[in-house]
Amino acid sequence: MKKINKTFSRISFFMVVIILTGLFVFNDRASSDTPIDDSPTPELQVTPSHSQVNVGVNEEFTVKYTFTPSSIPKDSINVQNTKDIVLVIDTSGSMKENINQTSIENPHTTTTRLQALKDAAINFINKFKDDRNTNISIVTYDYRAEIKKELVNSNTNNSTLTTIINSLQYNGGTNIGDGIRKALSIMKDSTAAKKYIILMTDGEPTNYSYYIEYVFLIIPIRRYYENIDTLDKRVNAIGNSRKGLEYSERMAQKIKDRSLKNYLIGFSNGVNSNNLNKIAGKSGGVYKEALNADALNSIYNEIADEIKADYVTEDIRVNLNIPSNLSYIGSLNNVEINGNKYTFKIPNIKYTLNSSTRQYEAQTFDISLSFKPSKSGSYIFSGTNWNFTYKDLKKSTITKPMPMLNINVTAPNMSFELTRNIKDNTTREVGINKSFIMNYNIKPTAINATYAVKPKEVILVLDTSSTMSENLQGVKANSEQEKKLSILKNAANNFINQMNGDSNVKIGIVNFNSGATAIPIDGSEYLVTSNQKDKLKQKIDSLKVDNKGGSNIGDAIRKSLWLLTVNSQSNSEKFIVVIGNGEADYYTYKVGEENEHYSTIDNESSEGGKVGYSLGNTSDDDDDDDVIVTRATEYARAMSQRLRGQTIMVNSYFITLGAKADNKLFTDMANDANGIFIDNKTAGSEALVTNMKNIANEVRSEFIIKNLQLTENLPKGLLLSNNQNTATLKFPDLIYVYNDITKKYEANEINAALEIIGKALGNYNLTGDAIFTYSDIENVGKTLSFSPFNVSIVDDVILKQGLFQNDPTEGKPSGEGYLLYENSQVDIAEVSSARLAALVRNSGEETTLSITINSTKDPGINHIKITEKDIVVYKVDSDNRLQRLNINPANIVIDYGDNKTINLKIKLSEGDRSNYNYYIINYNFSAKLSGEHPGNINCSATLEGTNKRSDFKIRAVSLPDVF
């Protein structure tokens, strides 16, 4: 008996050694499932729903792709079973909100977000209760994160984990970055083969963690707290979404740097999917979104099944370089965009062992990609720009081509008439250094309307705060008509009229003051077709100013999003038009949580007791930078970001009204929403009506021309008013509106002007200098040139001299034909009268002409004779005829000096400043010689205030002695 026990002990000892050795070998393997030798790579077969698509421009199409994974032999994989999971759970105050359940058994029941989370998390944990190789940790976060439980075995600690989940309480803000930080601190010592972080949130980051660093030992500077050690040396900032997002992205990058598998779950309709996708993109994880309790439970189940799977094909991505003339219009969740390169992250493929076939098998799955072409032609998705990638058994990246897709697109044609002219100038002559206005006219031709119109939905968001009782100058209005609210109503009614009763367009109305109200139009209907204009206008006309109310623009956007989601057609184009004072001084909060924004997309108002409105004119952050953002402003901007969400895209317009409007806020909100800002701050009521009509046309139209631009590249010698040779003028989108009479889409002309200055004399033949570019209805870049245009830059001030003649020589420029022997020396007989003339051209300014007769004081000249009667001033008319002017005697001054040199001054009064003025100053004199030899008389003319000078020489000679 003793011998048997000794033998058994020896056998047991060796078995333990073998087992331990195996464990050590196991731990030395790769940190994931590994292949055996040259195991076959799992294949993915992709089958498209279409191989060819025929569509028109602006028509949407969808192609479905079915992925069929091949099976993997059981002996091909060494399954690595050790797994560490950190559940990072949002316990912020908003988790007490109710959320709908949509199960068939309980279609109308509600529960709190936290309870739904607890149920889903417990179900997730229970999936691992029989798994001895899985450890689970729990981290919660509100204002800051807390490790509720370090990594413990999911089998032996199942009840402990579920008890912790059941005990969770909601409180405070949303510090996602700190939750990630705590998860990383847990994972830093993990030796598991597979590591997972699963983060859930019902909103977006609103808080961040920081520590204080002192510069020069005295200046406190806030720094993001990124240390993943468990010892905390930090404080928390309250309510700063901008820094909260930045902090979350920085911490998420650390997940990616450590190659940790991770999932980010957005739960409820209060999530900001844009920001959560950014965080998931930084972490290299997958973003999943659940709008109700059942969806949340399904997502946790999917993740659990993926983690529990015997083998998982990871990092599946469909890669596509989308041409600039095609737009991807599907969901942006888990889509990475880099220019025109789109990468679609596909959920991992879960393999389970089929014991009968001894194969790891996975189910087929589908993905759908939707596009909208905006250019005619044939397009082929193929080659290196159209593929999918995934990790094989060796964790190497495999690249496979996607099935070829042919797309044939057709579209209409269009053209433009381009003309230009110089303002108030038909001669095309401009003086040097004188500015002139070049007018440009771009006239689009009409195009046929042949495509079906897509349904449209528009929300008019109208300010009824106390500022609307003022006039446009921001002071007390003297009449009802002067009030900004009356001006706003008139513009809104014109918007509705401009729709012309289009039954394809639905309109809703939201007004806002301290809070916002979605207005029922017809019974319980919030959105009605525009042909019900009387009901719409009646609701607009009934709006009144809340004299004690502030401005809660964020709540107005929230209510508008509710109208465009809950009450909306899913396939419609969506628009929102916000008109207001551009101020935000109130924000919406959940009752009991005044420091937190209420971002749930619903129709809750203060009357229901669930939400409240707070004056938000204090900063949420006294950080060391220069950014000062009030809670109300931050709320307005956070909600405007939701207009360009991952699941809803809204075309937005933000219009300021009144001299005291805040253009900056509306500009920022328009940028946040990828929308359009319209400055109507000082433009007045008529401009507001025009803007609203233009927006109405944009809503109605299917044909919009974008990227319109005029580039003027002037030759050397011509400059723009800013001393540059090149100018680029960008124009708003060109809207083609259907004309029921012509049965065509028509667009308004475009007019532009540039101020140009000629800096060098010459004739300029402008050819190819003015280029009009645009992206046409197909989004094809087009280039058109204006016709050649001649402009002459002439000397603005002209001064010339010569002998005067009454009948001009033909073929010469204005006035010059009256001068003979210009710049040539002429002989005259002594005592005879010399008939000279000076030609002066100016631009209508007062001009003084100085003439010195015998400026060189030639000694051969003894005496010069001239009187006021010898001086005559003419003006040259447009027909080149002389019109004698009556000159005030005081404007002609003769300085006789010694009678050998005479100085004349003739003042020309101000003339026509819109054109050139031409003058002939005829002056006649006689000269007597000092002796028998000829005398040279130089007549030097100058224009005061210029560098203009003209010299004309005559020679006085004695008459021959004929006796």
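Which side chain meets Lys 905 in a salt bridge? I will start there, and I should say at once that this is a predicted model.

The partner is Glu 944, and the N to O distance is 2.4 Å. Lys 905 sits in strand S62, residues 902–908. Glu 944 belongs to the loop between strand S64 (935–943) and strand S65 (949–957). The pair therefore ties together parts that are 39 residues apart in sequence. Lys 905 has a relative accessibility of 38%, which makes it partly exposed. Glu 944 is also partly exposed, at 42%.

A general remark on such pairs. Side chains of opposite charge can pair when their charged atoms come close.

In total, the structure holds 37 salt bridges. One of them joins the side chains of Asp 522 and Lys 535, at 3.3 Å from N to O. Asp 522 lies in the loop between strand S36 (516–519) and strand S37 (528–529), while Lys 535 is in helix H9, residues 533–541, so this bridge connects parts that are 13 residues apart in sequence. As for accessibility, Asp 522 is partly exposed at 32%, and Lys 535 is partly exposed at 37%.

Another salt bridge links Arg 881 and Asp 879, with 3.1 Å between the closest N and O atoms. Here Arg 881 is partly exposed, with a relative accessible area of 48%. Asp 879 has 52%. The cut-off for exposed is over 50%, so Asp 879 counts as exposed.

Now to strand S36, already mentioned for the loop that holds Asp 522. Strand S35, residues 505–512, pairs with S36 in the antiparallel sense, over 4 bridges. Within that pairing, Val 510 stands opposite Ala 518 of S36. The two strands make a hairpin, and 3 residues lie between them.

Next, helix H10. It covers residues 553–565, which is 13 residues. From the first C-alpha of H10 to the last is 19 Å, close to the 18 Å expected at 1.5 Å a residue. Is this helix enclosed or open to the outside? Of its 13 residues, 12 are buried, so H10 is largely enclosed by the rest of the structure. The cut-off for buried is under 20% relative accessible area. Among the buried residues are Ile 553, Ile 557, Leu 561 and Leu 564. Charged side chains are on the list too, including Asp 555, Arg 558 and Lys 559.

Next, the sheets. One open sheet has 5 strands in the order S21-S22-S19-S27-S28, and its pairing is antiparallel. At its edges are strand S21 (335–338) and strand S28 (397–401), each of which pairs on one side only. From one strand to the next, the twist averages 20 degrees. S21 pairs with strand S22, residues 341–346, over 4 bridges in the antiparallel sense. In this pair, Ile 337 faces Tyr 342 of S22, the two standing opposite each other.

Another open sheet has 3 strands, ordered S31-S52-S49, with mixed pairing. Why do S31 and S49 each have one side without a neighbour in the sheet? Strand S31 (429–431) and strand S49 (762–766) stand at the edges, and each has a single partner strand, so one side of each is left without a neighbour. The twist in this sheet averages 25 degrees from one strand to the next. S49 and strand S52, residues 789–794, run antiparallel and are joined by 5 bridges. Leu 766 stands opposite Phe 789 in S52.

Last, the surface. Which residues form a nonpolar patch there? They are Phe 216, Leu 217, Ile 218 and Ile 219, and together they have about 520 Å² of accessible area. Leu 217 is in the loop that runs between strand S13 (208–215) and strand S14 (219–224). With a relative accessibility of 76%, Leu 217 counts as exposed.

To recap, briefly. Lys 905 and Glu 944 form a salt bridge between parts 39 residues apart in sequence. Helix H10 is largely enclosed, with 12 of its 13 residues buried. The sheets I described are the open one of 5 strands with antiparallel pairing, and the open one of 3 strands with mixed pairing. On the surface there is the nonpolar patch that includes Leu 217. That is the end of my part.

Conventions
Residues are numbered from 1 along each chain as its sequence is written. This is a predicted model: local features need pLDDT of at least 70, side-chain atom pairs count only at pLDDT 80 or more; totals for chains, interfaces and linings use all residues. Side-chain values use heavy atoms; hydrogens and water are left out. Two strands pair if DSSP finds at least two bridges between them. Axes are lines fitted to C-alpha atoms, for helices over the stretch in contact, and angles run from 0 to 180 degrees between N-to-C directions. The expected span of a helix is 1.5 Å times one less than its number of residues. Buried means under 20% relative accessible area, exposed over 50%, partly exposed in between (1.4 Å probe, protein chains only). Patches are made of residues with over 30% relative accessible area and no salt bridge: like charges are joined within 9 Å, nonpolar side chains (Val, Leu, Ile, Met, Phe, Trp, Tyr) within 5 Å. Accessible areas come from the Shrake-Rupley method with a 1.4 Å probe; for residues, only the protein chains shown count as cover. A salt bridge is a side-chain nitrogen of Lys or Arg within 4 Å of a carboxyl oxygen of Asp or Glu.
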